[in-house]
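User: Could you walk me through reading the sheets and the pocket here?
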Amino acid sequence: LKIPLKVDEIREFGDHNRELFVKASCYSLIPIGVEECGLTISWIFSSDPKSISFSVVYQESEETPYEQCKVLIPLTRCNSHKETIQGQLKVRNPGLYLLIFDNSFSRFTSKKVLYHLTVEKPIIYDGSDVSEL
């Protein structure tokens, strides 16, 4: 069972970090449901103890099989126990953006991931603050 986070729910996070526990030999998903293009999804995370692998995958709809999902950020082992990892992506299509924390390489050690998400709309300059000549 996975319930996608909505953009408004992420905005309510404020400055607080969230905790995610990833069992040994398992992975966890944070699905983000996005309905409008042009938004920027940003993340910051750290893990304890040791490293964790991270990936971002785009899924057109919840019915789309995982084999047909588009990998936006390939699975990468991150030394997030030594330094905070941060990144962002621009939403080009509505759908689900799956942040994947993968601990499948660790046979015995579960990990705690502290993460923070933000979603921002693009700033569009419309010239309305220009004074008349």
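Analyst: Sure, we'll take the sheets, then the pocket. This is a predicted model, where local features need pLDDT of at least 70, side-chain atom pairs count only at pLDDT 80 or more, and totals for chains, interfaces and linings use all residues. Residues are numbered from 1 along each chain as its sequence is written, and side-chain values use heavy atoms, leaving out hydrogens and water.

User: In what order do the 5 strands of the open sheet with mixed pairing run?
Analyst: Strands are DSSP runs (E, at least two residues; helices are H or I, at least four), numbered from the N terminus, and two strands pair if DSSP finds at least two bridges between them. Here the order is β1-β3-β8-β5-β6. The edge strands, β1 (5-6) and β6 (70-78), each pair on one side only. Inside, β5 (residues 52-59) runs antiparallel to β8 (residues 95-102) over 7 bridges, with S53 opposite D102 in β8.

User: Which strands stand at the edges of the sheet β2-β9-β4-β7?
Analyst: That antiparallel open sheet has 4 strands. β2 (18-22) and β7 (85-90) each have a single partner strand, so one side of each lacks a neighbour in the sheet. β2 pairs with β9 (residues 111-120) over 5 bridges; V22 has K111 as its bridge partner there.

User: Which element gives the largest share of the lining of the largest pocket?
Analyst: A pocket is an open set of points on a 1 Å grid over the protein atoms alone, where a 1.4 Å probe fits, with protein on both sides within 12 Å along at least five of seven lines; lining residues have an atom within 4 Å of a point. Here α1 gives the largest share, 3 residues. The lining includes R11, E35 and K121.
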